[in-house]
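The following exercises concern one molecular structure. Each consists of a task and a solution that proceeds step by step.

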Amino acid sequence: MPNTRGADEALNWVNTNSRPSELRITDMRVAEITGAPFTSVLLKIYTNQGIVGLGEVRDGASASYALMLKSRLLGENPCDIDRLFRRIKQFGGHGRQGGGVSAVEIALWDLAGKAYGVPIYQMLGGRFRDKVRIYCDTDATVPSGTETGKRLKERMDRGFTFLKMDLGLMQIADVPGAVVAPAGVLEAYRHHPGRGSVKTIEERRARNALYDSHNVAHPFTGLNFTDKGIDLLEQYISEVRDVIGMDIPLAIDHVGHVSLQNGIRLARRIEKYVPAWLEDVIPWQYTEQYRQLQDATTVPICTGEDIYLKEGFAPLLRSGGLSVVHPDLLTSGGILETKKIGDMAQDHGVAMAIHMAESPIAAMAAAHVAVATENFMALEYHSADVAWWDDIVTGLPKPLVKDGFITVSDKPGLGIDDVVDEVISQHLQPGVTGIWQPTHHWDNDYSWDRTWS
Ligand SMILES: [Mg+2]
């Protein structure tokens, strides 16, 4: 008798309702939520065989970026992931504009995994690790490094082994003599352009003007740290290190919209506190400035959360301007593209951390890539204070992030059973009236989109 026990066990995961070669996409719907920790859009892609793929549009992005792709996907086999990705990838862009294509790509992987009964990491080539190290991001809005240090110490007590905090302009903006600023420029950063409906044209113009203020790139703001400002920022990280010690990795984000030269001054000053990396000091498009920044300091330089597709990372990696790439799966193009970005970075001797600030759907998509990519370092988690975060889905361990790690199971696809409608219904974005509502008006969206002739 042949030993069939292994095969019998494998059948536990096989979806016997599914005939993968005949699987077809029939619908796409969304749930627009807020507070987990920011706004994001949960995505479902439905099929003719009852299985549903889960994806997520990036924090801060519009559901339209995903829904406009519906007419390009209906009737297709979702298991043809790469073919469909290449069809739709022209509709993505950098930053939040990559959110729709990336959400769809992740849902296609979830469907393929569920149809064939395999976890996504296995389809990417298998495991480099069983557990995914999490880095806990903490907004450092309080003016005291000691207080922020205490918050970070609480994270350590919960088991986190890798931390990130803010250090920059907004911590010292209110201190007289800490920042040189053209009149009015700092004011814009104290407010964020609102969202939702506006009542008057004046309100809309004011919102757009504020958006334009936030959209001035670092070299053009005219903002400079004074020596006093740099002293205060050094004191801040010094106080944090006094509380948390020197042994735990601490990454630094949100320096503010200051120039390359200010970034170099800050980087050099904080070298002795050994940051894990310094993130997004200048816009990622300035490849040559990144090279100058990394050449000027021993602090590892990092960027990538706003870069769409691996092509955007290539010039930075070739320049030597990076020590850590930091793609966000919900901007980069999704699962396979991020695996490719990680592998390309590895060829340049550069590590990959992963940016993530959404629900367990985004977290699991990133975790599968992290398991399957050799140079992975740590995955962001921004929801340590969101009590209902684990309750958004079923089928995952609770809590998902345990002792600072996510453990990825052998379950098919992302490993998530379902989204819990009762939970997300309590956290809808302003103006949203329901979840998984019909999207028929997107069924026939059409234009002649070829980008060459
Ligand atoms: Mg960041």
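**Exercise 1. Determine whether D253 is buried or exposed, and describe the metal site and the strand to which this residue belongs.**

Step 1. D253 has a relative accessible area of 4% and is therefore buried (buried means under 20% relative accessible area, exposed over 50%, partly exposed in between, with a 1.4 Å probe and protein chains only). The model is a predicted one, in which local features need pLDDT of at least 70 and side-chain atom pairs count only at pLDDT 80 or more, while totals for chains, interfaces and linings use all residues. Residues are numbered from 1 along each chain as its sequence is written, and side-chain values use heavy atoms, with hydrogens and water left out.

Step 2. The magnesium ion has as its protein donors D253 (OD), E279 (OE) and E305 (OE), at 2.0 to 2.3 Å. Donors are N, O and S atoms within 2.8 Å of the metal (3.2 Å for Na, K and Ca); water is not among the atoms, so sites may look incomplete. The spacing of the donor residues in sequence is D-x25-E-x25-E.

Step 3. D253 belongs to strand β8 (residues 250–253) and E279 to strand β9 (residues 278–279), so this pair ties together parts that are 26 residues apart in sequence. Helices (H or I, at least four residues) and strands (E, at least two) are DSSP runs, numbered from the N terminus. E279 is likewise buried, at 0% relative accessibility.

Step 4. Within β8, L250 and I252 point one way, A251 and D253 point the other way, and all are buried. β8 pairs with strand β5 (residues 163–166) in the parallel sense over four bridges, where pairing requires that DSSP finds at least two bridges between two strands. I252 of β8 is the bridge partner of M165.

**Exercise 2. Identify which strands pair with β4, and in which sense.**

Step 1. Strand β4 (residues 131–138) is mostly covered, six of its eight residues being buried.

Step 2. With strand β16 (residues 405–407), β4 runs antiparallel, and three bridges join the two. Here K131 stands opposite T407.

Step 3. With strand β13 (residues 376–381), the pairing of β4 is parallel, over three bridges. The bridge partner of C136 in β13 is Y381.

Step 4. β4 also runs parallel to β5, to which three bridges join it. In β5, L163 stands opposite C136.

**Exercise 3. Describe how α4 crosses α3, and place I106 within its surroundings.**

Step 1. The axes of helix α3 (residues 81–88) and α4 come within 10 Å and cross at roughly 165°. Axes are lines fitted to C-alpha atoms, for helices over the stretch in contact, and angles run from 0 to 180 degrees between N-to-C directions.

Step 2. This angle makes α3 roughly antiparallel to α4, since angles over 145 degrees count as roughly antiparallel, under 35 as roughly parallel, 65 to 115 as roughly perpendicular and the rest as oblique.

Step 3. On the α3 side, the contact is made by I81, L84, F85 and I88; on the α4 side, by V101, V104, E105, L108, W109 and A112. Contact means heavy atoms within 4.5 Å.

Step 4. I106 is found in α4 (residues 99–116) and is buried, with a relative accessible area of 1%. Apart from neighbours within four places in sequence, I106 is in contact with L54, G55, L329, L330, G334, I335, A365 and L414. Its C-alpha lies 11 Å from that of A363, a residue 257 positions apart from I106 in sequence.

**Exercise 4. Compare the settings of the loop residues A181 and T373.**

Step 1. A181 is placed in the loop between β6 (179–180) and α8 (185–189), and T373 in the loop between α16 (360–371) and β13.

Step 2. A181 is partly exposed, at 33% relative accessibility, whereas T373 is buried, at 0% relative accessible area.

Step 3. Neighbours within four places in sequence being left aside, A181 is in contact with L186, G222 and L223. On the same basis, the contacts of T373 are F128, R129, K339, G342, D343 and M352.
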